Amino acid sequence: MCGIFAIFSSDGEPIGTQSFEGSKHSLRELAYRQSGRQRHRGPDSTGVVIVPEQGVAMVHERLRIVGVEMGDQPFVSDDGNLVLVANGEIYNYLEISAQIAKRRGGYKPKSDCHVILELYRDYGVDLLQHITGMFAFALYDKRSKELLLARDPFGIIPMYIGEDAAGNIWVASELKCLAACCPKVETFTPGEARFGRVGAMRRWRHFQQPWMDQLPSLPCDLSLLRTSLESAVRTHLHCDVHFGALLSGGVDSSLIASIATKIMRETNPSYRLKTFSVGLRNAPDFEAARHVAKYIDSEHTELVFEIDEALDGIRDIVYHLETYDVTTVRCSLPMLLLTRYIKSTGIKMILSGEGADEIFGGYLYFHKAPNYEEFHQELVKRVQQLHLSDCLRANKVAMAKGVELRVPFLDTSFVNYVMNIRPEDKIPGPLNEFKNEQKFRLEKFVLRAAFAEEYLPDSVLWRQKEQFSDGVGYDWIDSIRRVATSHVTDEEFAQAADRFPFNTPTTKEAFYYRCIFEQQFPGEAAARTVVRWVPRLDWGCPEDPSGRAQAVHQINKD
């Protein structure tokens, strides 16, 4: 996991000295300076390649996880014609490397992402059909002056694209690198690719599946579901550094930790996974996490934080997240504190449970889904917006402290299997018809049922969903809402629609975050990269995204 940055000339000709913030910058100086705004993503090394005669600058901020000794980027092909900056992990790179070695004897990958360069030589843009993983990359071909840009299917890895006043294309992992220089900026769509010369690039979706626009009819096979998730976790364990796992005490992170432990003990029976939890004192998550840690015999650490300690970081978290979405801000502050602690222990990679709620329908508001078709359509929307909420939070918060976060639930093959399961088996509440028996079932029932033996204690396996911002302690949301609201007067809030005609804040808390965002990322283009996470109001759900605001939370707690 790293940070990538690139500038590509609008006409393939040199880019002259630029005046920026009162100083003159060469192309290299400008690229290095702007990439520096995301240098936290790659604290281990910075690599720069300039093609001055063609107006190209490519920068890589590296966090060394795989191929520690040889994997520094940008990668340049042996003939010097191809240049690559890539961020992410290619989980099938060993298989790909073996295939490349058969075609070109003696090939040894410098890191997992190096295979992208070699695959381009063999398949061109069709290389995207050969790689599996989380990724965002920019590849430049000096001979044709063409570039290939691509992002993974679900947007696990962030990527933005902008255009400056001269029509030059800018690409970066984080918005902060582009906002001051590009009047046009947008989020690069997950599952999309662009190829060609600047100004003439074609766009297409390299990831397209039937479940995106068709109602699936596949009955759930619990055994296949279990082995598919185990396979996904296995592919996510390869790294050359120490790793651990987040353990909130919810079923998602707990399953990932349990499966990872079982796999690691295949070769080391005494292996103990390092697990981490965060919360206020006596947080609901702590007790559940302790049960799991004891059950899987992990080396567990609890980080207790004080409310004021987390509130101090509101402005910092908006800057790192590059969003003003309320639920994302609320969740991220405790996670930022935890990630900072994890990095201090020497761990550079952590496993987490993001994605399960979107593909299984785990959020409590899904109990309000009126029918199977609308339930599935909402799942599809949530999956397609992961890059705007959960993936955005997980990646940017962890990388703010130089830690890579991996999400096995979003393994491409696993997502495709789960999203092809018929909605009758996944919908929570009284409409569930698993095995054609209609009765009330808990959210994510099939996931829990698939791991009902020897993976987790029942008290956790069948525990109701707690959103992370609730689970760290109920006082947390109440406090951050109160503090944020106190910064906004009634008079200021009355002008919300005039000041913010796009994505107008509907609460004082949302207004406060929006004001901070505007100060840090001015301009409408930046504001339009944000999509707010709210439950389905047309299903009768309250607008507040907290799980506690949903009626089923109160019913099942009482």
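Tutor: Two strands count as paired if DSSP finds at least two bridges between them. The model considered here is predicted, and that criterion can be applied to its strands.

Student: What makes strand β1 and strand β5 a pair?

Tutor: Strand β1 (residues 2-8) and strand β5 (residues 56-62) are joined by 7 bridges. The criterion asks for at least two, so β1 and β5 pair. Their sense is antiparallel. Within this pair, F5 has V59 of β5 as its bridge partner.

Student: What makes β4 and β12 edge strands?

Tutor: The open sheet has 6 strands, in the order β4-β5-β1-β11-β10-β12, with antiparallel pairing. Both β4 (45-51) and β12 (184-187) pair on one side only, and they are the edge strands. On average, neighbouring strands of this sheet are turned by 10° against each other, with direction ignored.

Student: How do you know that strand β16 and strand β17 pair, and in which sense?

Tutor: Strand β16 (residues 274-279) and strand β17 (residues 299-304) share 6 bridges in the parallel sense. The cut-off is at least two bridges, so this is a pair. One of the bridges links T275 to H300 in β17. From β16 the chain crosses through helix α6 (residues 284-296) to β17, a right-handed β-α-β crossover.

Student: Why are α18 and α21 called roughly perpendicular?

Tutor: Helix α18 (residues 474-486) packs against helix α21 (residues 508-520) at an angle of about 65°, with the axes 8 Å apart. The class runs from 65 to 115 degrees, and α18 and α21 are therefore roughly perpendicular to each other. The crossing of α18 past α21 is left-handed.

Student: Why, then, are α8 and α21 called oblique?

Tutor: The axes of helix α8 (residues 314-321) and α21 cross at roughly 60° and come within 10 Å. Roughly parallel would require an angle under 35 degrees, and roughly perpendicular one of 65 to 115. The angle fits neither class, and α8 and α21 are therefore oblique to each other. Their crossing is right-handed.

Student: Which residues touch the most other members of the largest nonpolar core, and which helix gives the most to this core?

Tutor: The largest nonpolar core has 194 residues, and F8, F137, F360 and W476 touch the most other members. Helix α9 (residues 326-344) gives the most to this core, with 8 residues.

Student: How do you know that F137 is buried?

Tutor: Membership of a nonpolar core requires a buried residue, and buried means under 20% relative accessible area. F137 belongs to the core, so F137 is buried.

Terms used
Residues are numbered from 1 along each chain as its sequence is written. This is a predicted model: local features need pLDDT of at least 70, side-chain atom pairs count only at pLDDT 80 or more; totals for chains, interfaces and linings use all residues. Side-chain values use heavy atoms; hydrogens and water are left out. A nonpolar core is a set of buried Ala, Val, Leu, Ile, Met, Phe, Trp, Tyr and Cys residues joined through side-chain atoms within 4.5 Å. Buried means under 20% relative accessible area, exposed over 50%, partly exposed in between (1.4 Å probe, protein chains only). Helices (H or I, at least four residues) and strands (E, at least two) are DSSP runs, numbered from the N terminus. A crossover is right-handed if, with the strands pointing away from the viewer, the path from the first strand over the helix to the second runs clockwise. Axes are lines fitted to C-alpha atoms, for helices over the stretch in contact, and angles run from 0 to 180 degrees between N-to-C directions. Angles under 35 degrees count as roughly parallel, over 145 as roughly antiparallel, 65 to 115 as roughly perpendicular and the rest as oblique. A crossing is left-handed if the near helix is turned anticlockwise from the far one by less than a right angle, and right-handed if clockwise.
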